Amino acid sequence: MELKNEQRLPVSRQKAWEALNDPDVLAACIPGCESLERVDDHNYDATVNTKVGPVKARFTGRVTLENLQPPESYTLSFEGNSGQAGFARGSADVYLDEEPDGGCRVRYDVSATVGGKLAQLGSRLVKGAAEKNASEFFGNFTRHLGGEPEGAAEEAAAGSGQAAQAEGGGDSPRTGYWPWVAGGAVVVLVIIILLL
Amino acid sequence: MATAETGIGKAAKRKEDRRFLTGEGRYTDDIDLPGQVYACFLRSPHAHARINRIDTGPAREAPGVVAVYTGDDLAADGVGGIPCGWQITDVDGQPMKEPAHPALAQGKVRYVGDQVAVVIAESYHQAKDAAERIDVDYDILDAVVSPAEALEEGRPQVHDEAPGNQCYVWELGDGDAVDDAFNRAAHVTRLDLVNQRLAPNAIEPRAAVASYSRGEDQYTLYTTSQNPHVTRLLMSAFVLNLPEHKVRVVAPDVGGGFGSKIFHYAEEAVLTWASRKVGRPIKWTAERVESFMSDAHGRDHVTHAELAMDDSGKFLGMRVNTKANLGAYLSTFAPSVPTILYGTLLAGQYTTPAIHCRVTGVFTNTAPVDAYRGAGRPEATYVVERLVSAAAREMGMDQAEIRRRNFIPRDAFPYQTPVALTYDVGDYDATLTEAMRMADVDGFEARRKEAQARGKYRGIGYSTYIEACGLAPSNIAGALGARAGLFEAGEVRLHPTGKVTVFTGSHSHGQGHETTFAQIVASRLGVPYEDVDVVHGDTDRIAFGMGTYGSRSLAVGGSAIMKALDKVIDKGRKIAAHMLEAAEQDIEYDDGTYRVAGTDKEISMGEIAFSAYVPHNYPLEQLEPGLDENAFYDPTNFTYPAGSHICEVEVDPDTGKVEVVNFTAVDDFGNVINPMIVEGQVHGGLAQGIGQALLEQCIYDPDSGQLVTGTYMDYIMPRADDLPSFRVGTQNTPCTHNPLGVKGCGEAGTIGSPPAVIDAIIDALSPLGVRHLDMPATPVRVWQAIQDAQGSRAA
Amino acid sequence: MHAFEYHRPKTLDEAAAVLARAEDASPVAGGQTLLQTLRQRLAEPSDLVDLRGIPDLYGITREGDSLRIGAMVRHNEVARSREVEQAIPALAGLAGGIGDAQVRNMGTLGGSIANNDPAADYPAGLLGLGATVHTSQRTIPADEFFVDMFETALEPGEIVRSVDFPIPQRASYIKFAQPASRFALVGVMVSQGAGGVRVAVTGAGPAVFRVPDMEQALALDFSADAIRDIRVPADELNDDIHGTPEYRAHLVTVLARRAVEAALNAG
């Protein structure tokens with residue numbers, strides 16, 4: 001499955017990057033997220049309960065980060081399993097672009113595979129479900145940033161979320177910090193995109 | 001007695017239908033043995049992966065679990081891999097690459113559905129629950145599913161032993177003669193064709209029940225097989241190293257096979273082995289999703305083909321290059337299907353003097369591919385008939401005329417083709433003439449115009465096919481790589497009361513053998529049809545058998561019964577001579593009665609049978625008691641059913657939906673024993689052939705190797721409302737080399753019909769500029785072909 | 001199938017109580033989607049609440065300009081109902097074309113719309129006829145009921161009671177079946193009535209949707225020609241082995257035209 005999409009966020013690129021990288025924020029915004037835990041600088045474990053119509057599956061997975069270019073882009077790969085339902089794996093290139101109005105745009109370009117029973121039974125639904133979940137996540141996330149989904153014009157108020165508090169006051173993050181938070185972001189994107 | 005209703009050539013009602021229609025059929029899953037436990041196979045969700053570790057611990061501790069086994073357990077017991085029954089020799093003289101096919105994966109999985117472990121538990125649901133708790137650590141590898149891609153440089157390698165994923169390159173025919181023909185040609189037609197992969201879809205999924213009796217040291221396997229003796233031989237001799245006489249294989253009622261139940265599958269061997277390990281009978285029944293993943297699939301060819309003609313449309317030469325997908329492992333007969341059963345059929349019904357065929361067998365990360373109804377011959381027919389129809393269109397010739405101009409004439413038999421076969425008999429003009437009459441070809445143009453007025457495009461397509469059936473002369477098969485003989489066994493046992501039990505090594509799983517064979521035996525012995533029962537499918541009851549496939553049951557199995565009948569009648573003659581106090585050479589036999597020539601002294605078969613078992617005054621030095629004869633029959637040639645199929649379709653250009661509005665099949669099956677059963681076989685075959693042409697396709701995701709068509713939500717089966725009411729006829733020339741003069745009818749519909757359907761669609765859409773279409777002609781594909789043709793016209 | 005507790009309440013209140021109390025309860029109506037999912041072990045509800053024992057959920061009644069159909073009325077009952085056939089023959093036709101005979105004998109109106117499969121027929125029926133859904137708690141217009149793929153406005157524990165269909169002047173539903181599943185590859189319901197013209201499409205997108213351009217054109221001129229050149233954009237439509245987005249977009253126009261013609265012929 002190939003999936004390309006983008007989402008406008010009502011905050012600066014820097015803030016979006018940071019917010020996307022706060023595991024607490026993410027866990028709150030990912031539909032069905034049960035846990036999101038750091039293993040090391042480049043690996044994160046996630047557990048997500050997904051639901052597509054009558055199908056409910058609990059995925060556990062690991063995300064690996066590569067090509068980190070904060071706050072502009074990164075690549076991640078992901079493998080997740082749900083015993084009875086099958087597995088999902090793939091990679092995503094994620095870009096954050098600045099917008100002239102001070103907001104930013106997240107673009108994601110995903111190549112993913114769903115395998116096992118999900119592939120056999122649900123091929124007609126996989127892409128639609130992935131898009132739906134991505135949209136739900138960004139809806140939650142945008143609301144979390146204090147905006148309205150679907151192109152709300154207002155910038156998020158400063159300090160409106162934990163993301164802002166985590167910013168650390170400067171452009172240069174602490175050593176080891178960026179990969180960690182970036183990991184959170186990619187976990188989110190891959191989970192929502194790959195894990196139905 | 002050869003009564004009006006049940007004699008040879010009569011449409012006797014099927015004996016077996018009483019139990020099938022009243023729910024009394026006994027299928028493998030109906031068999032429950034005392035103490036039985038249940039197996040669930042854990043299958044690979046990946047198309048290609050290395051197995052680092054399998055943790056079965058949590059599964060072993062799950063409720064109800066009796067045992068969990070992996071490939072390591074099999075290896076520790078010295079269990080062998082699943083063998084292949086046919087060896088193809090490479091064009092270089094080397095044997096084909098034959099990588100190991102472990103019954104449970106060892107080190108690697110190579111397709112989605114590959115068996116990784118088996119869980120045995122008190123209930124099936126417990127086994128399934130526990131299977132979910134097995135933790136397999138996989139390194140996922142890149143996969144390749146298309147045979148053309150698998151041969152390219154740098155693609156994933158399915159087996160280390162087969163570099164470039166090449167199993168073999170096989171050639172047939174005189175390449176120089178073909179080159180010469182093409183050099184002389186006035187016209188050459190070229191086509192690139194895809195014969196898509198099909199799932200077999202027997203209504204009864206595969207199933208097995210295995211048990212071991214410690215007291216007798218005897219294994220029994222009930223399994224959904226088309227050939228239980230072959231399964232026993234392969235499993236005992238090659239997989240489990242068991243003495244063959246200690247293994248009984250029973251194939252009870254089987255709900256359809258279409259080839260997919262010919263093969264010896266890993267589940268059968270694993271269950272049989274494990275039944276001894278756990279000391280209890282074990283049952284396994286595939287779920288439908290397992291069937292889609294793990295039954296051997298059919299077809300999957302990519303072909304470039306060329307036909308050279310002179311300016312009158314006379315065929316000069318044919319050149320065919322095929323890449324055949326064999327899947328991840330070699331199934332029982334897999335290597336033979338795209339070679340011996342394909343290349344040899346490329347002459348079709350025509351006098352094409354020079355033919356060359358090159359086939360590359362390819363490993364991919366997909367389920368094994370093996371024989372599926374028609375097996376090679378539909379693929380060959382599709383190539384030949386698509387070429388011929390395209391050639392006619394290109395040269396502006398009538399479709400019937402180009403065929404008649406090239407038919408092997410009626411007086412040219414026996415006819416030696418340039419691709420190894422010798423056709424014994426046929427009359428191709430006759431079937432075409434009759435098919436055109438039945439199809440009302442003369443009225444087609446009027447029907448086309450009428451359809452046009454309704455906004456529909458109507459087209460007509462032809463297929464004049466031949467098949468080689470009655471598999472097979474053992475000497476020819478052996479020379480071509482078969483590792484087994486292809487004879488058949490039959491036994492006729494008269495009981496003291498004159499009732500008859502017939503034992504056949506053929507296996508009926510929808511073909512109606514219990515009826516057809518009873519008709520033959522009742523007619524020949526002059527006993528009531530109701531007094532004849534046919535037994536099949538049990539290695540303990542039947543001497544031997546090679547099973548049912550390749551439209552062989554009547555031609556080979558029926559002939560074996562005929563040989564046994566001859567022996568019975570000969571023995572009866574000796575008994576009659578004794579009882580009638582006449583010389584044996586003076587005894588005449590006719591329709592169940594022995595008579596002293598020129599007298600009214602006679603005795604019936606029933607009296608003979610009674611006397612055979614009550615030999616009170618027998619001259620025992622010359623006459624043995626009993627009346628029970630066994631015979632083996634090995635054919636001297638293939639049989640060559642042939643026929644003409646004409647298809648008429650209407651296409652809705654707005655939606656791309658194709659409706660088959662008329663379908664006419666006139667076949668030459670040789671002598672017919674039961675015309676109703678023959679017609680039924682043709683109907684079923686046509687449904688499958690039209691299903692392939694319009695609907696069916698197994699699709700693996702090209703990148704991930706996942707099976708996308710894993711349920712009936714996506715795999716399109718033909719249904720009654722997809723099909724017209726068929727017009728079916730026969731124009732028979734009896735087979736010259738078997739005692740019944742029969743040829744076989746089980747596969748003809750599937751072999752002949754696909755090109756007729758596709759060419760009818762191309763004919764319908766030719767006003768819109770459509771020149772080519774691949775199967776299946778689904779609505780979206782047909783609509784797209786119309787858009788593309790219109791687009792390229794506009795451009 | 002995993003183990004679950006089975007309940008068969010006799011009233012809606014009782015059903016609601018079980019749904020609220022249980023850890024992860026799932027209501028089951030005809031079970032034509034849910035039971036397959038359970039058999040594939042793709043859901044593990046702790047409890048199943050079988051709605052078949054609740055008499056309030058049955059019945060087909062005509063009330064003035066509207067037809068009320070109970071949530072538990074099975075497809076074949078709708079297909080064969082005289083009331084439906086007389087009031088909204090297009091709806092009877094729609095129900096008669098769902099799945100196969102076995103599915104129609106088990107599947108229900110309420111189950112179908114609560115599931116909101118992107119290729120189901122009933123969502124197009126409700127949206128295309130401007131129906132109103134009555135639940136255990138409130139009344140929801142079809143325009144608000146169907147939210148997204150497999151998503152409706154129903155809250156957890158909320159149960160569909162019945163659906164009111166306004167009786168249109170004319171209507172027709174045309175489905176082009178996905179050849180394997182016989183769900184709608186594309187299905188279009190067109191109606192003209194007191195509420196104006198409605199065009200609803202199922203199968204083509206992630207969820208059922210209306211086509212305002214066609215509705216406006218048909219409001220001015222209810223004829224197939226009026227929408228001949230109106231295309232829905234392909235980029236939002238479903239893509240699978242049975243149809244590209246472009247094919248589905250094309251079919252929406254073809255089927256809408258045919259539906260208009262059929263509605264005119266029927267009316």
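**Exercise 1. In which loop does C:Phe222 lie, and how is the residue surrounded?**

Solution. The model is a predicted one. As a starting step, locate the residue along its chain: C:Phe222 lies in the loop between α10 (212-220) and α11 (245-266) of chain C. The next step is to classify its burial, for which the cut-off is needed: a residue is buried if 20 or more other C-beta atoms lie within 10 Å of its own, exposed if 12 or fewer, and partly exposed in between. Because C:Phe222 has 18 C-beta neighbours inside 10 Å, it counts as partly exposed. Then list the contacts, leaving out residues up to four places away in sequence: C:Phe222 touches C:Gln192, C:Val197 and C:Val260. As a last step, take a distance across the chain: C:Leu154 is 68 residues from C:Phe222 in sequence, and the two are 34 Å apart in space, C-alpha to C-alpha.

**Exercise 2. Work out the strand order of the open sheet of 7 strands in chain B, and describe its edges and its pairing.**

Solution. Begin with the order, which is β3-β5-β1-β12-β9-β10-β11 (chain B), with mixed pairing. The edge strands are β3 (65-70) and β11 (247-250) of chain B, each of which pairs on one side only. From one strand to the next, the twist averages 20 degrees.

Now follow the pairing inward from the edge strand β3(B). This strand and β5(B) pair in the antiparallel sense over 5 bridges, and within that pair B:Val65 stands opposite B:Ala121 in β5(B). The next neighbour along the order is β1(B), which pairs with strand β5 (residues 115-121) of chain B in the antiparallel sense over 6 bridges; here B:Tyr38 stands opposite B:Ala121. On its other side, β1(B) runs parallel to strand β12 (residues 282-285) of chain B, to which 2 bridges join it, and B:Lys283 in β12(B) is the bridge partner of B:Tyr38.

**Exercise 3. Decide whether the two faces of strand β1 (residues 37-43) of chain B are covered or open.**

Solution. A general point comes before the assignment: in a regular strand the side chains alternate between the two faces of the sheet. In β1(B), B:Val37, B:Ala39, B:Phe41 and B:Arg43 lie on one side, B:Tyr38, B:Cys40 and B:Leu42 lie on the other, and all are buried, with both faces covered. The count for the strand is that 7 of its 7 residues are buried.

**Exercise 4. Find what packs on the sheet, and describe how helix α7 (residues 228-239) of chain B meets helix α8 (residues 266-278) of chain B.**

Solution. Take the helices on the sheet to begin with. Helix α4 (residues 124-131) of chain B packs on the sheet and touches β1, β3 and β5 of chain B, its direction making about 30 degrees with that of β1(B). Helix α7(B) lies across β10 (218-223) and β11 of chain B, running at about 145 degrees to β11(B).

Turning to the helix pair, α7(B) and α8(B) pack at an angle of about 65 degrees, with their axes 11 Å apart, and α7(B) passes α8(B) in a right-handed crossing. The residues that meet are B:Thr231, B:Met235 and B:Val239 in α7(B) and B:Glu268, B:Ala269 and B:Thr272 in α8(B). Sorted by class, this contact has 3 nonpolar, 2 polar and 1 charged residues.

**Exercise 5. Which residues touch the most other members of the largest nonpolar core, and what surrounds B:Ile761?**

Solution. The core has 382 residues, of which B:Val119, B:Val521, B:Ile761 and C:Val188 touch the most other members. Helix α3 (residues 117-144) of chain A gives the largest share of this core, 11 residues.

For B:Ile761, leave out residues up to four places away in sequence; the contacts are then B:Gly459, B:Val649, B:Val651, B:Val658, B:Leu773, B:Ala777 and B:Val782. To place one of these contacts, note that B:Gly459 belongs to β18(B), where it points the same way as B:Tyr457, B:Gly461, B:Ser463 and B:Tyr465. Strand β18 (residues 457-466) of chain B is mostly covered, with 10 of its 10 residues buried. This strand runs antiparallel to strand β26 (residues 642-651) of chain B, with 10 bridges joining the two, and the bridge partner of B:Gly461 in β26(B) is B:Cys647.

Technical notes
Residues are numbered from 1 along each chain as its sequence is written. Chains are lettered from A and ligands numbered from 1 in the order in which they are written. This is a predicted model: local features need pLDDT of at least 70, side-chain atom pairs count only at pLDDT 80 or more; totals for chains, interfaces and linings use all residues. Axes are lines fitted to C-alpha atoms, for helices over the stretch in contact, and angles run from 0 to 180 degrees between N-to-C directions. Helices (H or I, at least four residues) and strands (E, at least two) are DSSP runs, numbered from the N terminus. A crossing is left-handed if the near helix is turned anticlockwise from the far one by less than a right angle, and right-handed if clockwise. Two residues are in contact if their C-beta atoms, placed from the backbone, lie within 7 Å. Ala, Val, Leu, Ile, Met, Phe, Trp, Tyr, Cys and Pro count as nonpolar, Asp, Glu, Lys and Arg as charged, and the others, Gly among them, as polar. A nonpolar core is a set of buried Ala, Val, Leu, Ile, Met, Phe, Trp, Tyr and Cys residues joined through C-beta atoms within 7 Å. Two strands pair if DSSP finds at least two bridges between them.
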